[in-house]
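Thanks for sharing this one. Here are a few notes to read alongside the structure.

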Amino acid sequence: MKTFQDTNGGAHSAVVTAVSKVAFNQAVDSVRAGGRVVAVGLPSEMMELSIVKTVLDGIQVIGSLVGTRKDLEEAFQFGAEGLVVPVVQKRPVEDAVAIFDEMEKGQIQGRMVLDFTH
């Protein structure tokens, strides 16, 4: 497995889109001290956090509500009608550090896709 950034001690951040309590708990366990977990999916169960790990390690847990199923249905309809044209650029995974630098500088238009096939 190729790595583009030091993950010794855990990931810098984790984004959870699964609707599974297990996935949320694993995300918190996978980040390093000072890491951040962004919760996007909405499981029907309560998320269990280790308060000791969260507080002592300074882990931030952030919720992000991105819309309803009706919003998603409408977005897909816009795409099907050709009303949405995404701007997507595929780059090799080796460019990841440069891509993150460009993101921080606000230099990216659209979305970047990391290609892991090379």
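Which helix gives the largest share of the nonpolar patch? Please keep in mind throughout that this is a predicted model.

1. Helix H2, residues 51–56, is the answer: four residues of the nonpolar patch come from there, the largest share. The patch lies on the surface and consists of Leu49, Ile51, Val52, Val55, Leu56 and Val61, whose accessible area together is about 590 Å².

2. Two residues of helix H2 are worth looking at side by side. Val55 sits in this helix and has a relative accessible area of 60%, so Val55 counts as exposed, the cut-off being over 50%. Thr54 belongs to helix H2 too, but its relative accessible area is 13%, and because buried means under 20%, Thr54 is buried.

3. What does Thr54 touch, leaving aside residues up to four places away in sequence? The contacts are Val28, Leu49 and Ile59. Val28 and Ile59 are members of the largest nonpolar core, while Leu49 is part of the surface patch.

4. Now to that core. The largest nonpolar core has 10 residues: Ala14, Val16, Ala23, Phe24, Ala27, Val28, Val31, Val37, Ala39 and Ile59. At least two of them are supplied by each of strand S1 (11–16), helix H1 (21–30) and strand S2 (31–39). With four residues, H1 gives the most.

5. Val31, one of the core residues, deserves a look of its own. Not counting residues up to four places away in sequence, Val31 is in contact with Gly9, Gly10, Ala11, Ser13, Ala14, Arg36, Val37, Lys53 and Ile59. Among these partners, Ala14, Val37 and Ile59 also belong to the core.

Terms used
Residues numbered from 1 in each chain as written. Predicted model: local features only at pLDDT ≥ 70, side-chain atom pairs only at ≥ 80, totals over all residues. Heavy atoms only, no water. Core = buried A, V, L, I, M, F, W, Y, C linked by side-chain atoms within 4.5 Å. Buried < 20%, exposed > 50% of the residue type's maximum accessible area, 1.4 Å probe, protein only. Helix = DSSP H or I, 4+ residues; strand = E, 2+ residues; numbered from the N terminus. Contact = heavy atoms within 4.5 Å. Patch = residues over 30% accessible without salt bridge, like charges linked within 9 Å, V, L, I, M, F, W, Y side chains within 5 Å. Areas by Shrake-Rupley, 256 points an atom, 1.4 Å probe, with all protein chains shown as cover. Salt bridge = Lys/Arg side-chain N within 4 Å of Asp/Glu carboxyl O.
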